[in-house]
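Hi everyone, thanks for coming. I'd like to walk you through one structure today, so let me put it on the screen.

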Amino acid sequence: MDSDRRRDENQDADWIFATDDPQTLPTERLPDRAEFDRYAAPLLARRRAEAVLPPSEQMTTDLSDLDGEALRAGSEPEARTGAIPMIELDEDDADAEGAEGAETSGASGDGTDSTGRDSSRRSTGSLGPTHDSEVPSATSPLRAPRDPSYARSGTTPNAEDSEDPGRGVDGLVLPERFKELGIFDALRDVFALICMVTALTTTFTVAHSLLIDGVGKAAIGVGLVALLAVHLLRWIPKAPPLTAIRAVRVIGLLPALLVAVGTVVSDLVLSLPMLFASLPDGPPVGLGIGVPLLLLGAIIGIEPRAHEGYLPQARARRVARIGLVCVGIGAGVALLLALVMIVGRMFTTGWAYSLLTIGDTVISVLLLGIVLASALLRERSWYVFSTAAVGGLALAALADNTLQLQFAAPLSFATDFVYLPFLFAALGLMISRSFVRTMPISFRRTDWLVFTVRAFEFSAVLHVAAVLWHLLAALVATTGLAPGGTVLHLIDAAVCLCFVAVSLFARTSLLSRPAMTARANGVISGLILVVVGFLDVIVNSLATGAGAGLVTGGTALAVGIAAALMLTVPAPVRDEFGAPDIAQMFADFRSRDAGNVSLLSQVPDVTEETARKKVFPGR
């Protein structure tokens, strides 16, 4: 009976003639859609507001200091708001609280306390319908604990929760002059510095041209000095010249940007007469990993920072989008030249070389297409995931001298499809402040489920390309020109096909299975990708000497780790009582694209019943 009553109450809350109906709808006719939506709007707003309590009301409090006998009989915490009855205060406590209240009311005359929260929320519950002037509120909301812990609590620390706003991370206090330095700008400067230093110490070109190498080292040196100078000018003087600082940053890093672009163009120009040559001595220039890293560092570092008084306007955001379009056009031109070169090499170098180059080109085009399409089409979830994926490639490229990564090998327009400069240039533009301010990015709990789905889709698409590459490599291995044997590539193709099946299974589970089952399937699929991908990396490293890449299990390893972390680390959403609610989290995730939900969708469809002809009993 109790369950039936609760079911009826829930139905009444959603029905047209609910118990709290303001009696504004006519009863002699059914309302049309517009009238119904106007009536349902406040009900939906109240329903959404009651679904999840504010973080401050979800916290528990330490009641060990309270005297149990002092609590009134029957004064249980209110089940809906979490409020507890107020206890009688001693005279000393009452005087102290009265003084604190007077100080608070004096500090905020607009009805808010010193933390900026609405003081009217301090009396959220009462034992009966009393007037404020007659009987004081009998309850008060839960207090935040003295040492709040936000680990897996479903809440995030707010400014009002901190007793000492000036206290930094783990008690680290930054000097007053650094209060305008943002973490995003600081990380970008550090990343630009690391990219340029690595470009100075790694392979720049394989031509070993004194002119190109000398100009490149000079440009990198000027860029490093400029990065150091802008921070010295910003933080040492009491009145820093912000306009001059912005000019120094742009002028100092412009040579590095021009040298990186000029090196790519020089390789293109020198490769045009040799597109059909066999090239026994190698490419004319040969772009090492140092060129894309220099290009990435220059693009990231050349944009002025917020602490230098720079705020991107509409023109800057338009320039960032135009830059991405130019990167896409350049990648298209490089692909066209690569196709011409592949066809020509079939007659000069052999079909085996062309088949392997086609396999590499397909993989590179898919990766570039995902990244550029997510930015230009403004696909928010794909933008976040693709930026993280290319950022991981950039971090791996920084260790190329040690790991000997296959994807970071020297490329040339005369021998292959050049994609790394365009990929890293797109990354630099996508994480610029001008472009980030145009993307509605959020990291709510349901967003992590979306990113997990994107990870499995990314794995499925690229591993299909890996299957194609291994089949082509197995065919080429019959001539002895491919690394590894035919059997090894066929086994790797079967392993990559298993990666595709696992990724599609995990994606389908996250989109359609029950919440707990979907989460378990996603985690198990991620662990399978991690274990099998790691074993694939070990086997291929011993058999062919290749590092961790797409065709050797590295992508499966990275995607599996990322998916498992995204499904387990973010705290789930909380229900109205503060308990984890995985089902509600998945429900919100699956209805994210449904738009505004109307109460009309919850009204039973009686069309068929009303259309049925009914016979009067007894006739």
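**A walk from the inside out**

Let's start with H489, which is buried, with a relative accessible area of 3%. Before I go on, please keep in mind that this is a predicted model. H489 belongs to helix α16, residues 486–512. Which residues does H489 touch, leaving aside those up to four places away in sequence? They are W469, H470, A473, A474, A477, A482, P483 and G484.

Let me step back for the overall picture. The protein chain has 20 helices and two strands. Of its 619 residues, 39% count as buried. If you take contacts between residues at least 6 apart in sequence, 76% of them join residues at least 24 apart. On the outside, the chain exposes about 34,300 Å², and carbon and sulfur atoms supply 63% of that.

Now to the core. The largest nonpolar core has 112 residues, and L294, L423 and F424 have the most contacts inside it. Which helix gives the most to this core? That is α15, residues 445–477, with 16 residues. For those of you who like the general background, nonpolar side chains tend to be buried together in soluble globular proteins.

F424 deserves a moment of its own. Not counting residues up to four places away in sequence, F424 touches I289, P292, L293, L296, V390, L393, A394 and A397. F424 is also one of the buried residues of α13, and so is L423. How much of α13 is buried? Eleven of its eleven residues are, so α13 is largely enclosed by the rest of the structure. Its buried residues pack against α7, α8, α9 (314–348), α10 (351–376), α11 and α14.

Just along the chain, we have the loop between α12 (400–403) and α13 (420–430), and T415 lies there. Is T415 buried or exposed? T415 counts as buried because its relative accessibility is 19%, and the cut-off for buried is under 20%. Again leaving out residues up to four places away in sequence, T415 touches L279, P283, M341, R345, Y353 and T357.

Another helix to look at is α5, residues 183–201. Helix α5 has 19 residues and reaches 27 Å from its first C-alpha to its last, close to the 27 Å expected at 1.5 Å a residue. Its buried residues are D185, R188, D189, F191, A192, C195, M196, T198 and A199, so there are charged names in that list for you to look at on the screen. As for partners, the buried residues of α5 pack against α6 (210–235), α7 (242–271), α8 (290–302), α11 (380–398) and α14 (433–436).Let's move on to a loop with an unusual backbone angle to point out. R378 has a positive phi of about 60° although it is not a glycine. You'll find R378 in the loop between α10 and α11, and at 39% relative accessibility it counts as partly exposed.

Last stop, the surface. Which residues make the nonpolar surface patch of about 740 Å²? They are I524, I528, V531, V532, F534, L535, I538 and L542. I528 sits in helix α17, residues 515–544, and at 37% relative accessibility I528 counts as partly exposed. As a reminder, an α-helix has 3.6 residues a turn, so residues three or four places apart point the same way.

That's my tour; I'm happy to go back to any part of it.

Notes. Residues numbered from 1 in each chain as written. Predicted model: local features only at pLDDT ≥ 70, side-chain atom pairs only at ≥ 80, totals over all residues. Heavy atoms only, no water. Helix = DSSP H or I, 4+ residues; strand = E, 2+ residues; numbered from the N terminus. Buried < 20%, exposed > 50% of the residue type's maximum accessible area, 1.4 Å probe, protein only. Contact = heavy atoms within 4.5 Å. Expected span 1.5 Å × (residues − 1). Core = buried A, V, L, I, M, F, W, Y, C linked by side-chain atoms within 4.5 Å. Patch = residues over 30% accessible without salt bridge, like charges linked within 9 Å, V, L, I, M, F, W, Y side chains within 5 Å. Areas by Shrake-Rupley, 256 points an atom, 1.4 Å probe, with all protein chains shown as cover. Salt bridge = Lys/Arg side-chain N within 4 Å of Asp/Glu carboxyl O.
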